[in-house]
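Work through the following exercises with the sequence and the structure open beside you. Each task is followed by a solution that proceeds step by step.

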Amino acid sequence: MTSTHGRGDTLHHKGTSGGAVTRRRPGDRVRQRVAVTLTGGFRLTTEGREAELPGGAQRLVALLALRGRTARSTLAGTLWPETDEQRALARLRTAIWRVNQVVPQLIESLGEQVDLTAHTEIDIREQIERSMGVLGGGTVDAATWAAGIPTRDLLPDWHDEWLIDDRERLRQLRLHTLEDIAEQLCRQGHFGLAIDAALTVLRADALRESAHRAVLRVHLAEGNIAEARRAYQSCVETFERELGVRPTPATSALLAAFPPAVARPRSLSATAAPPAGTRPR
């Protein structure tokens, strides 16, 4: 005889071997592990397996991952700005259908609004949460400082106009987070990790003066004055070559406590009288 146990979404009965066999009710939703990756390029996976989507469907998933629940008319106008409203809405319906054909029920319709299903893992949202934790005063663990901090930009190969603001926002958030991480690691005495974080920012933007200051602070905290001077000189040369200006006083002031070394005078022994037996000229 069949009996129900625990949650109401499953049925259990005894198999011929006596073990419990689980059957799901018709129409039950089986939750899959779905992940959307947007840093470095678009990637959609279900249970660790990559799912292929056409370009328009990829952009719909990416837009929802970035903006969350959005009105249909806004989605259609953003994704197909050169198309009239009715045709854009038709394209949106097709894109939603295509996504849900590949990953069932990934996109949910909520009246006139659309969103990704709540259990979708989205790398950008996780990274924003980590960054906000660091910038909000959270302590950085030296052993895992790089976890969740991307080194690549948001969808770098896409050139859609609607991505410009999101890309710059996330880029700035990432660079500020890395600078904060460098400062925290420096205070903790983890100078190698600190300089790595600071140089990661500098590689991303060689004209970012706050990144140059982060590098200088780590060198000075470690007592590497020569390294600090070389880093400062590189900053000066880069700014003069690319911008035609010198670094601001805030950057120059970091080296103010370490004036250039003055040439030492020759010792008295070097200027003493010549050895005996030598006739002066």
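**Exercise 1. Find the residues with the most contacts inside the largest nonpolar core, and say which elements supply this core.**

Step 1. In this predicted model, the largest nonpolar core (a set of buried Ala, Val, Leu, Ile, Met, Phe, Trp, Tyr and Cys residues joined through side-chain atoms within 4.5 Å) has 40 residues, and those with the most contacts inside it are L38, F42, L44 and L60. Buried here means under 20% relative accessible area, exposed means over 50%, and partly exposed lies in between, with a 1.4 Å probe and protein chains only.

Step 2. At least two residues of this core come from each of β3 (34-37), α1, α2 (72-79), α3 (85-102), β8, α4 (123-135) and α5 (164-187), where helices (H or I, at least four residues) and strands (E, at least two) are DSSP runs numbered from the N terminus. The largest share, eight residues, is that of α1.

Step 3. Apart from this core lies another, of 28 residues, which includes L178, L220, A228 and V236.

Step 4. L38 can then be followed outwards: leaving out residues up to four places away in sequence, L38 touches A62, A65, L66, D123, I124, D153, L154 and L155, a contact being heavy atoms within 4.5 Å.

The source conventions are that residues are numbered from 1 along each chain as its sequence is written, and that side-chain values use heavy atoms, with hydrogens and water left out. Because the model is predicted, local features need pLDDT of at least 70 and side-chain atom pairs count only at pLDDT 80 or more, whereas totals for chains, interfaces and linings use all residues.

**Exercise 2. Check the length of helix α1 and list its buried residues.**

Step 1. Helix α1 has 13 residues (residues 55-67), which at 1.5 Å a residue should span 18 Å; the expected span is 1.5 Å times one less than the number of residues.

Step 2. The end C-alpha atoms of α1 are 18 Å apart, in agreement with that expectation.

Step 3. Buried in α1 are A57, Q58, L60, V61, A62, L63, L64, A65 and L66, and the helix is followed by G68, whose phi is positive, near 75 degrees.

**Exercise 3. Describe the hairpin of β7 and β8, and place V114 within its surroundings.**

Step 1. Strands β7 (residues 107-110) and β8 (residues 113-116) run antiparallel and are joined by four bridges; two strands pair if DSSP finds at least two bridges between them.

Step 2. L110 has Q113 as its bridge partner in β8, and of the two residues between the strands, G111 in the turn has a positive phi of about 70 degrees.

Step 3. V114, which is found in β8, is buried with a relative accessible area of 0%. Beyond neighbours within four places in sequence, its contacts include L64, G68, L75, I96 and I107, and the C-alpha atoms of V114 and L64 are separated by 8.0 Å although their positions lie 50 residues apart along the chain.

**Exercise 4. Which strands stand at the edges of the open sheet, and why is one side of each left without a neighbour?**

Step 1. The sheet has four strands in the order β5-β4-β3-β9, with mixed pairing.

Step 2. β5 (49-50) and β9 (121-122) stand at the edges, and because each has a single partner strand, one side of each has no neighbour in the sheet.

Step 3. β4 (residues 43-46) pairs with β5 in the antiparallel sense over two bridges, and T45 stands opposite E50 in β5.
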